[in-house]
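Biologist: Can you pull up the model and walk me through it? I have a few questions about charged pairs, the sheet and the core.

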Amino acid sequence: MHAWRIREPVMWLVERLTGNRKQYGMNIVGGVRRDILDYRKEEILKVVKQIREETKKFLDIALNTNTFIKRAEGVGILPYKVAKAYSVLGPTARASGRKIDTRLDQATKTAMAYNEVDFKVPVYKEGDVLARVLVRMDELFESLWIVEQLIDQMPGGDIMVPIGDLPEYEEALGFTEAHRGEVVHYVMTGEKNKVYRWKVRAPTYNNLPAVPEMLKGYHVADAPLIIASIDPCYSCTERVQFVDVQTGKVKVLTEAEFNELSIKYRGVF
(Lines give C-alpha, C1' and ligand atoms only; values in the text may rest on other atoms or scores of the structure.)
Protein backbone atom coordinates (compact mmCIF):
# COMPACT_ATOMS: atom_id res chain seq x y z
CA MET A 1 0.00 0.00 0.00
CA HIS A 2 2.95 2.32 0.59
CA ALA A 3 4.08 1.62 -2.99
CA TRP A 4 0.62 2.52 -4.33
CA ARG A 5 0.65 5.71 -2.26
CA ILE A 6 4.06 6.70 -3.62
CA ARG A 7 2.93 5.90 -7.17
CA GLU A 8 -0.19 8.07 -7.16
CA PRO A 9 1.52 11.47 -7.75
CA VAL A 10 3.07 9.94 -10.88
CA MET A 11 -0.41 9.06 -12.15
CA TRP A 12 -1.63 12.60 -11.47
CA LEU A 13 1.39 13.97 -13.32
CA VAL A 14 1.02 11.84 -16.45
CA GLU A 15 -2.67 12.71 -16.57
CA ARG A 16 -1.76 16.40 -16.64
CA LEU A 17 0.91 15.80 -19.29
CA THR A 18 -1.03 13.45 -21.56
CA GLY A 19 -4.69 13.61 -20.58
CA ASN A 20 -4.76 9.99 -19.37
CA ARG A 21 -3.56 8.12 -16.30
CA LYS A 22 -2.62 4.91 -18.10
CA GLN A 23 -3.03 4.88 -21.88
CA TYR A 24 -1.09 8.01 -22.76
CA GLY A 25 -1.37 8.05 -26.56
CA MET A 26 1.67 10.33 -26.82
CA ASN A 27 3.73 8.54 -29.47
CA ILE A 28 2.65 8.94 -33.09
CA VAL A 29 4.35 8.16 -36.37
CA GLY A 30 6.88 10.92 -36.87
CA GLY A 31 6.97 12.27 -33.33
CA VAL A 32 4.73 12.91 -30.34
CA ARG A 33 1.18 14.19 -29.95
CA ARG A 34 1.86 17.17 -27.71
CA ASP A 35 4.73 19.16 -26.21
CA ILE A 36 5.84 19.51 -22.59
CA LEU A 37 5.45 23.16 -21.67
CA ASP A 38 8.20 24.85 -19.66
CA TYR A 39 6.17 25.28 -16.47
CA ARG A 40 5.32 21.56 -16.55
CA LYS A 41 9.02 20.70 -16.40
CA GLU A 42 9.12 22.12 -12.86
CA GLU A 43 6.17 19.91 -11.93
CA ILE A 44 7.98 16.86 -13.30
CA LEU A 45 11.15 17.58 -11.34
CA LYS A 46 9.12 18.18 -8.19
CA VAL A 47 7.41 14.81 -8.49
CA VAL A 48 10.73 13.07 -9.28
CA LYS A 49 12.26 14.50 -6.12
CA GLN A 50 9.25 13.41 -4.06
CA ILE A 51 9.30 9.87 -5.49
CA ARG A 52 13.01 9.49 -4.80
CA GLU A 53 12.72 10.61 -1.17
CA GLU A 54 9.65 8.52 -0.37
CA THR A 55 10.98 5.42 -2.12
CA LYS A 56 14.19 5.59 -0.08
CA LYS A 57 12.12 5.62 3.12
CA PHE A 58 9.98 2.74 1.87
CA LEU A 59 13.05 0.66 0.99
CA ASP A 60 14.61 1.34 4.35
CA ILE A 61 11.54 -0.18 5.98
CA ALA A 62 11.22 -3.14 3.59
CA LEU A 63 14.89 -4.16 3.58
CA ASN A 64 15.02 -4.02 7.37
CA THR A 65 11.95 -6.19 7.83
CA ASN A 66 13.14 -9.70 8.68
CA THR A 67 9.88 -11.31 7.58
CA PHE A 68 10.25 -9.93 4.07
CA ILE A 69 13.93 -10.84 3.78
CA LYS A 70 13.33 -14.41 4.96
CA ARG A 71 10.49 -14.86 2.44
CA ALA A 72 12.55 -13.50 -0.47
CA GLU A 73 16.20 -14.35 0.12
CA GLY A 74 17.32 -17.68 -1.35
CA VAL A 75 13.84 -18.37 -2.77
CA GLY A 76 13.02 -19.01 -6.43
CA ILE A 77 16.64 -19.09 -7.56
CA LEU A 78 17.22 -18.91 -11.32
CA PRO A 79 20.93 -19.60 -11.95
CA TYR A 80 22.81 -17.70 -14.65
CA LYS A 81 23.15 -20.69 -16.99
CA VAL A 82 19.44 -21.48 -16.79
CA ALA A 83 18.51 -17.82 -17.30
CA LYS A 84 20.71 -17.72 -20.38
CA ALA A 85 19.29 -21.00 -21.72
CA TYR A 86 15.74 -19.65 -21.48
CA SER A 87 16.82 -16.23 -22.85
CA VAL A 88 15.03 -14.42 -20.02
CA LEU A 89 14.93 -10.65 -20.26
CA GLY A 90 14.77 -7.48 -18.18
CA PRO A 91 15.02 -7.53 -14.38
CA THR A 92 14.56 -11.32 -14.37
CA ALA A 93 17.74 -11.68 -16.42
CA ARG A 94 19.73 -9.02 -14.62
CA ALA A 95 18.88 -10.53 -11.22
CA SER A 96 20.56 -13.73 -12.46
CA GLY A 97 23.74 -12.03 -13.61
CA ARG A 98 22.83 -11.37 -17.27
CA LYS A 99 23.78 -7.82 -18.27
CA ILE A 100 21.26 -7.49 -21.06
CA ASP A 101 19.48 -4.18 -21.66
CA THR A 102 18.05 -2.86 -24.93
CA ARG A 103 18.80 0.70 -23.86
CA LEU A 104 22.51 -0.10 -24.08
CA ASP A 105 22.47 -2.81 -26.73
CA GLN A 106 20.39 -0.94 -29.31
CA ALA A 107 20.69 2.77 -28.45
CA THR A 108 23.63 3.40 -30.77
CA LYS A 109 21.94 1.48 -33.62
CA THR A 110 18.57 3.25 -33.47
CA ALA A 111 17.12 6.71 -32.96
CA MET A 112 16.74 6.20 -29.20
CA ALA A 113 18.29 8.91 -27.02
CA TYR A 114 19.69 6.60 -24.33
CA ASN A 115 23.19 7.06 -25.70
CA GLU A 116 22.86 10.74 -24.79
CA VAL A 117 22.20 10.14 -21.08
CA ASP A 118 24.16 8.55 -18.27
CA PHE A 119 22.76 5.59 -16.34
CA LYS A 120 23.80 2.30 -14.81
CA VAL A 121 22.38 -1.15 -15.49
CA PRO A 122 21.98 -2.88 -12.09
CA VAL A 123 22.97 -6.54 -12.13
CA TYR A 124 22.80 -9.07 -9.29
CA LYS A 125 24.10 -12.62 -9.36
CA GLU A 126 21.96 -14.31 -6.67
CA GLY A 127 18.99 -14.97 -9.00
CA ASP A 128 16.45 -15.16 -6.17
CA VAL A 129 13.26 -13.23 -5.43
CA LEU A 130 15.19 -10.68 -3.37
CA ALA A 131 17.60 -10.01 -6.24
CA ARG A 132 14.69 -9.43 -8.61
CA VAL A 133 13.23 -6.94 -6.13
CA LEU A 134 16.56 -5.14 -5.72
CA VAL A 135 17.10 -4.87 -9.47
CA ARG A 136 13.72 -3.16 -9.85
CA MET A 137 14.39 -0.80 -6.97
CA ASP A 138 17.78 0.18 -8.37
CA GLU A 139 16.25 0.69 -11.80
CA LEU A 140 13.60 2.96 -10.35
CA PHE A 141 16.30 5.34 -9.12
CA GLU A 142 18.12 5.11 -12.46
CA SER A 143 14.86 5.96 -14.26
CA LEU A 144 14.39 9.03 -12.07
CA TRP A 145 17.93 10.12 -12.91
CA ILE A 146 17.27 9.59 -16.65
CA VAL A 147 14.12 11.74 -16.44
CA GLU A 148 16.09 14.56 -14.77
CA GLN A 149 18.73 14.44 -17.50
CA LEU A 150 16.20 14.40 -20.33
CA ILE A 151 14.27 17.33 -18.89
CA ASP A 152 17.52 19.30 -18.65
CA GLN A 153 18.50 18.46 -22.25
CA MET A 154 15.07 18.69 -23.89
CA PRO A 155 15.58 20.27 -27.36
CA GLY A 156 13.29 22.77 -29.00
CA GLY A 157 11.78 22.56 -32.47
CA ASP A 158 8.95 20.59 -34.03
CA ILE A 159 7.39 17.75 -32.08
CA MET A 160 6.29 15.91 -35.23
CA VAL A 161 7.84 15.50 -38.66
CA PRO A 162 5.61 14.46 -41.60
CA ILE A 163 6.73 11.08 -42.89
CA GLY A 164 5.37 11.31 -46.43
CA ASP A 165 4.67 8.18 -48.46
CA LEU A 166 6.09 4.92 -47.14
CA PRO A 167 7.45 2.27 -49.49
CA GLU A 168 5.09 -0.66 -49.83
CA TYR A 169 5.81 -4.07 -48.28
CA GLU A 170 8.98 -3.02 -46.51
CA GLU A 171 9.89 -4.58 -43.15
CA ALA A 172 11.24 -3.00 -39.97
CA LEU A 173 12.02 -3.99 -36.39
CA GLY A 174 11.70 -1.78 -33.31
CA PHE A 175 13.18 -2.47 -29.88
CA THR A 176 12.55 -0.91 -26.49
CA GLU A 177 13.40 -1.79 -22.90
CA ALA A 178 10.09 -1.98 -21.05
CA HIS A 179 9.83 -2.62 -17.31
CA ARG A 180 9.71 -6.40 -17.86
CA GLY A 181 12.46 -6.45 -20.48
CA GLU A 182 12.93 -6.11 -24.22
CA VAL A 183 9.82 -5.56 -26.34
CA VAL A 184 10.19 -6.21 -30.08
CA HIS A 185 7.84 -4.84 -32.72
CA TYR A 186 7.86 -6.20 -36.26
CA VAL A 187 6.00 -4.25 -38.92
CA MET A 188 5.46 -4.58 -42.66
CA THR A 189 4.02 -1.69 -44.61
CA GLY A 190 1.17 -2.12 -47.03
CA GLU A 191 -0.51 -0.04 -49.68
CA LYS A 192 -1.59 3.58 -49.18
CA ASN A 193 0.57 4.16 -46.06
CA LYS A 194 -1.17 1.42 -44.12
CA VAL A 195 0.25 -1.35 -41.98
CA TYR A 196 0.05 -4.76 -43.64
CA ARG A 197 1.57 -6.92 -40.88
CA TRP A 198 2.40 -6.20 -37.26
CA LYS A 199 3.71 -8.53 -34.57
CA VAL A 200 4.74 -7.82 -30.97
CA ARG A 201 7.02 -10.03 -28.89
CA ALA A 202 6.56 -9.15 -25.21
CA PRO A 203 9.25 -10.12 -22.65
CA THR A 204 6.88 -12.38 -20.73
CA TYR A 205 7.15 -14.81 -23.65
CA ASN A 206 10.76 -15.34 -22.59
CA ASN A 207 10.38 -15.03 -18.83
CA LEU A 208 7.32 -17.16 -18.11
CA PRO A 209 8.73 -20.50 -19.38
CA ALA A 210 11.55 -20.18 -16.82
CA VAL A 211 9.13 -20.08 -13.86
CA PRO A 212 8.93 -23.89 -13.46
CA GLU A 213 12.72 -23.88 -13.00
CA MET A 214 12.34 -21.28 -10.24
CA LEU A 215 9.63 -23.32 -8.49
CA LYS A 216 11.60 -26.57 -8.22
CA GLY A 217 12.35 -27.57 -4.64
CA TYR A 218 10.38 -24.81 -2.95
CA HIS A 219 7.14 -24.80 -0.95
CA VAL A 220 3.70 -24.16 -2.42
CA ALA A 221 3.53 -21.03 -0.26
CA ASP A 222 6.57 -19.69 -2.13
CA ALA A 223 4.91 -20.03 -5.53
CA PRO A 224 2.90 -16.75 -5.50
CA LEU A 225 6.01 -14.82 -4.48
CA ILE A 226 8.21 -16.48 -7.10
CA ILE A 227 5.69 -15.96 -9.90
CA ALA A 228 5.06 -12.34 -8.90
CA SER A 229 8.80 -11.66 -8.82
CA ILE A 230 9.01 -11.86 -12.63
CA ASP A 231 6.00 -9.50 -12.93
CA PRO A 232 4.28 -11.70 -15.55
CA CYS A 233 1.87 -10.20 -18.06
CA TYR A 234 -0.62 -12.98 -18.73
CA SER A 235 -2.53 -10.90 -21.24
CA CYS A 236 0.69 -10.66 -23.29
CA THR A 237 0.95 -14.42 -23.62
CA GLU A 238 -2.49 -15.96 -23.09
CA ARG A 239 -3.99 -18.05 -25.86
CA VAL A 240 -7.26 -19.99 -25.79
CA GLN A 241 -7.57 -23.54 -27.06
CA PHE A 242 -10.11 -26.29 -26.44
CA VAL A 243 -9.05 -29.85 -25.64
CA ASP A 244 -11.48 -32.76 -26.00
CA VAL A 245 -10.68 -34.76 -22.86
CA GLN A 246 -11.99 -37.98 -24.43
CA THR A 247 -10.13 -37.87 -27.74
CA GLY A 248 -7.29 -35.49 -26.87
CA LYS A 249 -8.08 -33.44 -29.96
CA VAL A 250 -6.99 -29.79 -29.69
CA LYS A 251 -8.71 -26.91 -31.44
CA VAL A 252 -7.57 -23.30 -31.48
CA LEU A 253 -10.47 -20.90 -32.01
CA THR A 254 -10.51 -18.05 -34.46
CA GLU A 255 -11.55 -14.64 -33.21
CA ALA A 256 -14.97 -15.02 -34.84
CA GLU A 257 -15.52 -18.45 -33.24
CA PHE A 258 -14.45 -17.18 -29.83
CA ASN A 259 -16.81 -14.18 -30.08
CA GLU A 260 -19.66 -16.47 -31.13
CA LEU A 261 -19.12 -18.70 -28.09
CA SER A 262 -18.91 -15.73 -25.74
CA ILE A 263 -22.30 -14.52 -27.00
CA LYS A 264 -23.83 -18.01 -26.90
CA TYR A 265 -22.76 -18.71 -23.31
CA ARG A 266 -23.09 -15.20 -21.92
CA GLY A 267 -24.15 -15.36 -18.29
CA VAL A 268 -23.46 -19.10 -17.99
CA PHE A 269 -19.90 -18.85 -16.67
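Biologist: Which residues are linked in a network of salt bridges?

Modeller: Arg94, Asp101, Arg103, Glu139 and Glu177. Keep in mind that this is a predicted model.

Biologist: How far apart are the closest N and O atoms of arginine 94 and glutamate 139?

Modeller: They are 2.6 Å apart, and the two residues form a salt bridge. It links distant parts of the chain, with arginine 94 in helix 5 (residues 90-94) and glutamate 139 in helix 7, 45 residues apart.

Biologist: Are those two buried or exposed?

Modeller: Both arginine 94 and glutamate 139 are buried.

Biologist: And where does glutamate 177 come in?

Modeller: Glutamate 177 lies in strand 3, 83 residues from arginine 94 in helix 5. These two form a salt bridge as well, with the closest N and O atoms 3.2 Å apart. Glutamate 177 is buried, as is arginine 94.

Biologist: What stands opposite glutamate 177?

Modeller: Glutamate 182, in strand 4. The side chain of glutamate 182 meets that of arginine 201 in a salt bridge, 3.0 Å from N to O. That pair joins strand 4 to strand 5, and its residues are 19 apart in the chain.

Biologist: Why does glutamate 182 count as buried?

Modeller: Because its relative accessibility is 18%, and the cut-off for buried is under 20%. Arginine 201 has a relative accessible area of 26%, so it is partly exposed.

Biologist: Now the sheet. What is the order of its strands?

Modeller: The order is 3-4-5, in an open sheet with antiparallel pairing. Strand 3 and strand 5 (195-201) each have a single partner strand, so each has one side without a neighbour in the sheet. Neighbouring strands are turned by 15° against each other on average, ignoring direction.

Biologist: How many bridges are there between strand 3 and strand 4?

Modeller: There are 8, and strand 4 covers residues 181-189.

Biologist: Changing topic: which residues of the largest nonpolar core touch the most other members?

Modeller: Leu78, Val88, Val129, Leu130, Ala210, Met214 and Ile226, out of 15 residues in that core. Helix 3 (66-72), helix 7 and helix 9 (211-215) supply at least two residues each. Helix 7 gives the most, with 3 residues.

Biologist: Which residues make the nonpolar patch on the surface?

Modeller: Ile28, Ile159 and Met160 make a patch of about 200 Å². Isoleucine 159 sits in the loop between helix 7 (129-153) and strand 3 (171-178). Its relative accessibility is 31%, so isoleucine 159 counts as partly exposed.

Notes
Residues numbered from 1 in each chain as written. Predicted model: local features only at pLDDT ≥ 70, side-chain atom pairs only at ≥ 80, totals over all residues. Heavy atoms only, no water. Patch = residues over 30% accessible without salt bridge, like charges linked within 9 Å, V, L, I, M, F, W, Y side chains within 5 Å. Areas by Shrake-Rupley, 256 points an atom, 1.4 Å probe, with all protein chains shown as cover. Salt bridge = Lys/Arg side-chain N within 4 Å of Asp/Glu carboxyl O. Helix = DSSP H or I, 4+ residues; strand = E, 2+ residues; numbered from the N terminus. Buried < 20%, exposed > 50% of the residue type's maximum accessible area, 1.4 Å probe, protein only. Pairing = 2+ DSSP bridges. Axes fitted to C-alpha atoms, helices over the stretch in contact; angles between N-to-C directions. Core = buried A, V, L, I, M, F, W, Y, C linked by side-chain atoms within 4.5 Å.
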